[in-house]
Structures are given as C-alpha cells and as structure tokens.
Amino acid sequence: TPAALTPNPLTITVGATGTLTATLSPTPTTAGTLSASSANPGVATVPSSIAFASGQTQVPVPVTAVGEGSTGITVSLNGGSASSTVHVNPAPPTVTSLAPPTLTITQGGTGSLTVTISAAQGTDTTVVLSSAASGIAAVPAMVTILAGQTSAPITVSANTPGTAQITASLNGTSATSMV
C-alpha cells in the first residue's frame, strides 16, 4: 500500500509539471498499478493509473499544473492511500511586445514605445530596458508596469543620427524595436 506521497506540499506554476513520489510499503513482490486522482483537475492533473515494477518502492507520480489554486492528489492501492497537497502559482509574466517595431525620431527629440506583458499582475512589474547604442537612442534602465495593467509607455531620447535596437526584458523573455 502507499505509505507516503511526497513532497507535501508540492508547489509548481501554471503550465509546468512536477513530480510527487509515492512510497510503497511493504516492498511489492509483483508488478502493479497505482490509482491516482486529483480533487480538482482544473488546478492540477495526474494520470489515472501509474504502473510500477516488482521490488519498486518509490513510484514517480507526474503532476501537470492547469490553473492557479490548490488541490489534493491521492494515490491508492490495495485499500490503502496516501495524499499530498499541490499548490499551483500563476505563471510569471513575460514580455509579449515592444511597439511599434520601428520608430523614427528627429535628433534631439523624444519618441514613445509601449511595452506589453502577458498578464496583469497583482503587484507592480519592473521590465528591464536597454539600448544597443545609447549614444544614438537612449531609454531608462527600467520601466514599471503598474499592478493591474499590462503595458507601460517608454520615452526614447534621440541623441545622434543612426539606428539603435531597444530591448525590453522580463523573466527570460524579450522584445525589440528599432529606433
């Protein structure tokens, strides 16, 4: 029978997968199949059955995060069961665009780009900015997208004639515009 389901709790993000480990005791003498279920499949799912081999005491249980929230995962075998809680956090925001893709500004003037993130957040989000040629076109080091918003304007200063690539970065994602 399942003696434990660990870790408890397991924390993963929406769209990610994690693994719980079912500990079987006593050591099974024949191969078999664990039954698994999620109390809320809208939060996290598990396969309905998971095979194990004779002598296998640790059985990995794959968990897929579907939506934000918490749910209980239960494995059962031979009348016994073990449970664990899974907490699913929202996926971190990503940069989805920097618009317009090209911007023309007269030397000495300013222009505006707009950075957009994947989803409004509960707290302010800081997006890192850079210019490949700040002598030509400069941007602040960062811009803050306010809680509840998905975009923010960025002021671009035109210093000298030429072309510069502006990049907005967040959580391993980025978008660029040519100025």
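**Exercises on serine 38 and its sheet**

The side chain of serine 38 makes a polar contact, at 3.5 Å, with the side chain of threonine 71; a polar contact is a pair of N or O atoms within 3.5 Å, where within protein one must be able to donate a hydrogen and the other to accept it, and residues adjacent in sequence count only if both atoms are side-chain atoms. The model is predicted, so local features need pLDDT of at least 70 and side-chain atom pairs count only at pLDDT 80 or more, while totals for chains, interfaces and linings use all residues. Residues are numbered from 1 along each chain as its sequence is written, and side-chain values use heavy atoms, with hydrogens and water left out.

**Exercise 1.** Determine whether serine 38 is buried or exposed, and describe its surroundings.

*Solution.* Step one is to place the residue: serine 38 belongs to strand E4, residues 32-38, where strands (E, at least two residues) are DSSP runs numbered from the N terminus. Step two is to take its relative accessible area, which is 16%, so serine 38 is buried; buried means under 20%, exposed over 50% and partly exposed in between, with a 1.4 Å probe and protein chains only. Step three is to list what serine 38 touches when residues up to four places away in sequence are not counted, namely Ala44, Thr45, Val46, Thr71, Gly72 and Ile73, contact meaning heavy atoms within 4.5 Å. Finally, the side chain of serine 38 also reaches the backbone nitrogen of asparagine 40 at 3.2 Å.

**Exercise 2.** Find the strand that pairs with E4 over four bridges, and name the bridge partner of serine 38 there.

*Solution.* Strands of a sheet pair through backbone hydrogen bonds, either parallel or antiparallel. Here E4 pairs with strand E8, residues 69-77, in the antiparallel sense over four bridges; two strands count as paired if DSSP finds at least two bridges between them. Within E8, serine 38 has isoleucine 73 as its bridge partner.

**Exercise 3.** Work out the strand order of the open sheet, and explain why E2 and E6 stand at its edges.

*Solution.* The five strands follow the order E2-E9-E8-E4-E6, with mixed pairing. Strand E2 (10-13) and strand E6 (49-52) each have a single partner strand, so one side of each is left without a neighbour in the sheet. To see the mixture, compare two pairs: E2 and E9 are parallel over four bridges, whereas E8 and E9 run antiparallel and are joined by nine bridges. As a last step, note that E8 and E9 form a hairpin with two residues between them, and that asparagine 78 in the turn has a positive phi of about 55°.
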